[in-house]
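Reader: I am new to this structure. Please take one part and look at it closely, then show me where it sits in the whole.

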Amino acid sequence: MKRVLEGSHSVAEAVRLAKVEVISAYPITPQTHIVERLSDFCADGSLSARYLRVESEHSALAALIGASSAGARSFTATSSQGLALMHELLHWASGARLPIVLAEVNRALAPGWNIWADQTDSLSQRDTGWIQLYCETGQEVLDTTLQAFRLAEHVSLPAMVVLDAFFLSHTYEPVDVPGQREVDRFLPAFNPRFRLNTETPCAFNQLAPPDVYMEMRRSIQDAMEEALAGFSQMEEEFSGIFGRRYGAVEPVECEDAEIILVTSGTITSTSRQLVKELRSRGERVGILKIKLFRPFPAEIIRQCLKKARKVAIIDRNCSFGAGGIFAQEVKAALCDLAERPVVFSFIAGLGGRDVTVADLENIYTQVRNQEVPQRESIWAGLHPVPAPELNR
Amino acid sequence: MLEIRFHGRGGQGAVVATILLAKAFFRAGYHVQSFPLFGVERRGAPVEAYLRLDREQILIRTNSYTPDHVVVLDSTLLEAIDITRGLKPMGWILLNSQAPPADGARFSNFRLAWVDATEIALKHQLGTRTHPIVNTAISGAFARILGAPPIEAVAGAIEEEIPENIEANIRAAREAFDRVEGVRS
């Protein structure tokens, strides 16, 4: 049934429908509405999960590592500094092959203190062995949360559902909330091969010396590759039940496009409005939306972009000293092509700065009018900052 | 697409007013989007919230800069901030006020409507004497000036969204719908 829901509540509805068994929670803006709503569900009996209030994000994930090791479907949510504090245990969860699902509301890192949308928090965890799925709409948030459990449990890796602060987390929009029976068909109970069990005691996560460690790491890489290969099969089943699919990437009007904007998160949605307007004026422009960032769907991205003349990647993040993170990944994917498009990298919208249709058109016009980029990454929409006076 | 900006003070229910109307317009067949000003909230400080509606899917996910209409839940804000910022010419300004503003000339590019939502809220015992909750009343008045959504959709949205005093809130919305002034028929 379609209801007008806040993005945070779309996450919570999916967690309820997934019949999660253990939730640990530590509040941080803009994530807090997710765990607040889950607390309501646990209190009113619509979800019978153990709800643990912990004293930090580090503990939030530590608690779930225990719960998931015991075979419980487990969930938490965080943002920004909270995710950064979890960093050590993010590695632990993937190394221990625990399919924990975490909703990560993209928020800028401090200082300066900023609660607004910025992807640098989640992208700086890209090497922790977590599946990362970026969302564009409230509906996609709900659907992706269900998909994340399915994908994570299929390959025994943890998964992050990533949504933009405020533009998704605090925005109300119509969302189809599926029925329990349909969700049960898509997502059967979590039944891991190994679990902590006092009947058959065994030890986990022992010392792994050089003669075994590397094979264990290789199995994580294999699991990521399996997640990539299994993504479309998973979506096939999802779409068979719910009638919706998103794709690891989604090409929009890319077939004949000379210029393709590569986007993620809510900037994609605003870009669709721009492309509609530009197409009506005869401009050959398309969008490649990246939903799945880990594992990185390099081959599909190559296929979608190879015919374009120019590609403009828009990053709401920055790896200082390098540039936009999606841009680095896309460039690496394209470098195997003998003939490849010219790649422009733009950094925009950091710390919640708005990225409007006009801002995106500005980016498009720059790309159309230049043969090669003037810089490694071009910062869009920067305000002029007066040069400091030198002390003599 | 229409964009409506709501001005209030923290604690008055401006955000809930946009959620209520989003749900009411959705019931009436519109695509909707509502969101608060993405800021740090403080009780009593000026707050803003926004509503987008369209017959088609709404694609833009940005802040709102040039609203078609403005709703003001607290008329003391008229002296504190520029509630007409970015407001399109001939847009409605709906005020929670007993009377039109004394210096109405500064709003001459717009259409003015007003309703004493505070008095209506107090009469129906919504909130407290010092903190009346005016959002359901103002939503009813808004439905009247725009000619949409139907007041029955507003009532349905109140049932869905408001946890207590549902009947009193619906009565307040209906009364404000009937009493709003400045509407040319």
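Author: Four residues of α11(A), namely A298(A), I301(A), R302(A) and L305(A), meet V330(A), A333(A) and L334(A) in α12(A). Contact here means that C-beta atoms, placed from the backbone, lie within 7 Å. The residues of this contact divide into six nonpolar, no polar and one charged. Ala, Val, Leu, Ile, Met, Phe, Trp, Tyr, Cys and Pro count as nonpolar; Asp, Glu, Lys and Arg count as charged; the others, Gly among them, are polar.

This is a predicted model: local features need pLDDT of at least 70, side-chain atom pairs count only at pLDDT 80 or more, and totals for chains, interfaces and linings use all residues. Residues are numbered from 1 along each chain as its sequence is written, while chains are lettered from A and ligands numbered from 1 in the order in which they are written.

Now the geometry. Helix α11(A) covers residues 298-305, and helix α12(A) covers residues 325-334. Their axes come within 9 Å and cross at roughly 80°. The axes are lines fitted to C-alpha atoms over the stretch in contact, with angles from 0 to 180 degrees between N-to-C directions. α11(A) and α12(A) are therefore roughly perpendicular to each other. That label covers 65 to 115 degrees; under 35 is roughly parallel, over 145 roughly antiparallel, and the rest oblique.

Step back to the chain. Chain A holds 13 helices and 15 strands. Both are DSSP runs, numbered from the N terminus: helices are H or I with at least four residues, strands E with at least two. The C-alpha trace of chain A spans about 70 × 60 × 45 Å along its principal axes. Of its 392 residues, 52% count as buried. Buried means 20 or more other C-beta atoms within 10 Å of a residue's own; exposed means 12 or fewer, and partly exposed lies in between. Among contacts in chain A with a separation of 6 or more, 80% join residues 24 or more positions apart.

Chain A also touches chain B. The contact takes 19 residues from chain A and 16 residues from chain B. On the side of chain A, β8 (172-176) and α10 (266-280) each give two or more residues. The largest share, five residues, comes from α10(A). The residues on this side divide into eight nonpolar, eight polar and three charged.

Note on methods: Contact = placed C-beta atoms within 7 Å.
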